[in-house]
Amino acid sequence: MPDQVNFGDELVSPDEKTRRVGAVFSSVARRYDVMNDLMSGGMHRLWKDRFVNRVKPRAGERILDMAGGTGDIAFRMAQRGALVTVADINADMLEVGEERARQRSLAGLSWKVENAEKLSFDDASFDAYTIVFGIRNVTDIPAALREARRVLKRGGRFYCMEFSSSDWPGFARLYDAFASEVIPRIGKVVANDEESYRYLVESIRRFPRPEAFRAMVAQAGFARAAAEPMLGGLVTIHSGWKI
Ligand code: SAM
């Protein structure tokens with residue numbers, strides 16, 4: 001782990017990054033769901049549906065939804081009968097999620113504050129591990145990938161969906177302008193928090209390209225590590241298996 005890591009475009013100590021990421025999500029928790037719709041034009045719902053279709057959750061399976069936040073992915077998997085543990089480092093995000101789950105009377109969910117880099121679960125506890133729009137916020141990504149592998153059973157599946165920068169020339173420029181100019185302004189108007197949304201945009205820009213992240217997943221010991229880019233690589237579904 002280097003002495004200095006990126007918090008968005010700024011270099012800070014690893015502990016400071018973890019603390020500041022915590023502050024970002026505590027600040028956005030109550031407005032997180034409405035902001036997702038505004039920032040993606042509702043498209044995050046389609047990406048999440050597609051992601052869960054790839055995971056193929058089965059009734060009774062134990063799934064860890066890491067960095068699960070307010071529960072969007074966990075709800076979709078629980079509706080298919082999976083037993084989902086929603087884990088996140090941020091208690092404020094989980095609190096909003098638990099409230100939403102109660103309103104929907106959803107069963108099969110449990111909630112736990114956890115740091116993806118050092119999980120409290122036993123080895124081989126889960127059939128599948130999911131992490132959506134979460135891993136780019138984790139300070140020590142290789143440590144989180146090793147932990148994912150440790151807590152999966154033999155044959156367990158790893159699935160991650162994350163943003164990156166697009167490779168489509170015209171679209172990349174358009175998206176960049178939208179991300180750096182429009183998203184922080186929406187954050188200011190809707191959530192009165194321009195800085196947090198500026199961090200979210202910068203963290204996307206800094207996340208490795210799909211092929212580089214696929215190599216990190218393989219490096220952590222997952223077999224058949226694969227990357228399925230969508231929208232010119234703006235969003236990619238990564239997968240791997242524990243042999
Ligand atoms: N997965 C949810 C979704 O797709 O709507 C939430 C994604 S939200 C953009 C990112 C989440 O990652 C936040 O809830 C944040 O607290 C969580 N997070 C950041 N660093 C983490 C860490 N080291 N361990 C666990 N969760 C973390």
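How many cavities of 30 Å³ or more does a search of the whole structure find? In this predicted model, the search turns up 1 such cavity. The largest cavity has a volume of about 50 Å³. Its lining is made up of Ser 164, Ser 165, Tyr 175, Asp 176, Ala 179, Val 201, Ile 204 and Arg 205. By class, these lining residues of the largest cavity comprise 4 nonpolar, 2 polar and 2 charged. Helices H7 and H8 each contribute at least two residues to the lining of this cavity.

Turning to the pockets, the largest pocket has a volume of about 850 Å³. There are 48 residues lining the largest pocket, and those closest to its centre are Tyr 32, Phe 133, Arg 136, Asn 137 and Phe 163. Several elements give two or more residues to this lining, among them the helices H1 (14-28), H2 (32-40), H3 (43-55) and H4 (72-78). The strands S3 (62-66) and S6 (126-132) also give two or more residues to the lining of the largest pocket, as do the helices H7 (169-191) and H8 (194-206). Sorted by class, the lining of the largest pocket holds 27 nonpolar, 14 polar and 7 charged residues.

What takes up the space of the largest pocket? That space is taken by the ligand. Around the ligand stand 20 residues, of which Ala 67, Asp 88, Asn 115, Ala 116 and Val 132 come nearest. This shell divides into 11 nonpolar, 6 polar and 3 charged residues.

Both backbone and side-chain atoms of the protein are found close to polar atoms of the ligand. A nitrogen atom of the ligand lies 2.9 Å from a backbone N or O atom of Ala 67. At Ile 89, a polar backbone atom is 3.3 Å from a nitrogen atom of the ligand. Lys 48 takes part through its side chain, where an N or O atom is 3.1 Å from an oxygen atom of the ligand. Taken alone, the ligand exposes 600 Å², and the protein buries 97% of that area.

The second largest pocket holds about 300 Å³ of space. Its lining consists of 18 residues, and the closest to its centre are Asn 6, Lys 17, Arg 136, Ile 141 and Arg 206. Arg 136 is thus a residue to look at twice, being listed among those closest to the centre of the largest pocket and among those closest to the centre of the second largest pocket. Strand S1 (5-7), helix H6 (141-151) and helix H8 each supply at least two residues of the lining of the second largest pocket. Which element gives the largest share of this lining? The largest share comes from H8, with 3 residues. By class, the lining of the second largest pocket has 10 nonpolar, 4 polar and 4 charged residues.

Helix H8 recurs through this account: H8 gives residues to the linings of the largest pocket, the second largest pocket and the largest cavity.

How values were computed: Residues numbered from 1 in each chain as written. Predicted model: local features only at pLDDT ≥ 70, side-chain atom pairs only at ≥ 80, totals over all residues. Heavy atoms only, no water. Near = heavy atom within 4 Å. Polar contact = N/O pair within 3.5 Å; in protein donor to acceptor, adjacent residues only side chain to side chain. Areas by Shrake-Rupley, 256 points an atom, 1.4 Å probe, with all protein chains shown as cover. 1 Å grid on protein atoms, 1.4 Å probe; cavity = no way out; pocket = protein on both sides within 12 Å on 5 of 7 lines; lining within 4 Å. Sits in = over half its atoms within 2 Å of the grid points. Nonpolar A, V, L, I, M, F, W, Y, C, P; charged D, E, K, R; others polar. Points joined across faces, edges and corners; volume = space filled by probe spheres on them. Helix = DSSP H or I, 4+ residues; strand = E, 2+ residues; numbered from the N terminus.
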